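Got your viewer ready? Load the model, keep the selection box handy, and follow along stop by stop.

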Amino acid sequence: MVARRVASSVAQKHVNFLTVVPAATARGLVAAVYRQVAEEYQIVVPPALLHSPSEDVLAAYWALTREPLLPAGAVDRAVKEAVAASVSVANTCPYCADLHVAGLFELSGEHDAEAIAADRPDEIADIRTRRFVKWARAAHRADGPPLPPEVSDVERAELVGVVVGFHYLSRVVNVFLANSLLPQGLGPRARRRLNQGLGRVLRPTLRGQHVAGRATRLLDVAAPTSDVGWASASPRIADAVARSYRVFEAAGQRSLDPAVRRLVLTRLDGWAGEDAGLSNRWCDELIEPLAAPQRVAARLALLTAFASYRVGPEVVEDFRRHHPADATLVDVAAWASFAAARRIGVRHSAHEEKNDGRLWRDNGAVVPRES
């Protein structure tokens, strides 16, 4: 009990820019999510803490990431952890990569785990894992490789679900959490020992039984939107995605001006998954016509969606001058992360061909592109 309290205190210190709801004083929906997270991860992990100022967004994050990853399904946990780690590497999110690589030390062995961490997929010994890692590493790109043809529709739903969930989570984590889960400056041997130890600590989570649908039931029922055909073969994942998507949309609507949401979505329409580059000039040019309150919000949203690792104190402080509430800050970062992750999911829809030449909008509708 004492060790758990100490770990929880350390976890809270990982969160930047926000005053989180402590587990000891949580009530209502926040307490309900915290209970589930603690039961499955032994403590209330920092990604849950950072969402706590916006309670419905906290529940939506938990459903979106938990349901494809934790419950047993058609895809084994080792492959799903490899996919989560690969997405984290793709988004330059060392915090998430550290956590899932440590899990792979327990599930797959240190050789393949270290190859994924180093972004050297050709060195992965397990051929099946190698194929899925190469797919996941480029799953955000329009020209990325397809899933292997033998993958079933249910497997596709689970794998794309992990990709969508962790393209969401790694962006939010880049904004609010420390740069790395592990201490800086570790040599290879020390890092390996620490990963081995962390993998053993995670063993109950990695190898335990996780009841499907627990997180989903914390959210109101919602009809699936027309852009999530990739999840249709798995009713439990489709349900989790539909319920969480509705919450993220509501967060964007209450905390972002419609002009800002349109600006982000329009850029996503033309995004093929390419890196934003070394300069933020593209962002400054897009937001320049906006009034100051909308401009600072648009900067935060655009950088979160396209280059989350570049959201630093200056961006957040500028946002806070016009929008001081913690809940608003979480809402904006969450909506922008969701908008990018959702667009990536569209690329992997089983019905993607039917949507060629169309646009999706923040109400989930797929509408014809104007000629």
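A polar contact is a pair of N or O atoms within 3.5 Å; within protein, one must be able to donate a hydrogen and the other to accept it, and residues adjacent in sequence count only if both atoms are side-chain atoms. Keep that in mind for the second stop.

Before you click: this is a predicted model, where local features need pLDDT of at least 70, side-chain atom pairs count only at pLDDT 80 or more, and totals for chains, interfaces and linings use all residues. Residues are numbered from 1 along each chain as its sequence is written, and side-chain values use heavy atoms, with hydrogens and water left out.

**Stop 1: two domains.** Select 72-209 and colour it as domain 1, then give 256-348 another colour as domain 2; these bounds come from an automatic or database domain assignment. Their centres, taken over C-alpha atoms, are 26 Å apart.

**Stop 2: where they meet.** Show the residues in contact (heavy atoms within 4.5 Å): you should get 19 from domain 1 and 21 from domain 2. Between the two domains there are 6 residue pairs in polar contact, both at pLDDT 80 or more. Now pick out helix H9, residues 153-176: with 12 residues, this helix gives the most to the side of domain 1 that touches domain 2. Helices here are DSSP runs (H or I, at least four residues), numbered from the N terminus.

How many salt bridges cross the interface of domain 1 and domain 2? The rule, a side-chain nitrogen of Lys or Arg within 4 Å of a carboxyl oxygen of Asp or Glu, finds 0 there.

**Stop 3: a salt bridge to zoom in on.** The structure does hold 25 salt bridges. One of them joins glutamate 106 and arginine 203, whose closest N and O atoms are 2.9 Å apart. Glutamate 106 sits in helix H6 (residues 94-107) and arginine 203 in helix H11 (residues 203-207), so this pair ties together parts 97 residues apart in sequence.

**Last stop: zoom out.** Along the principal axes, the C-alpha atoms fill a box of roughly 55 × 45 × 40 Å.

Technical notes: Helix = DSSP H or I, 4+ residues; strand = E, 2+ residues; numbered from the N terminus.
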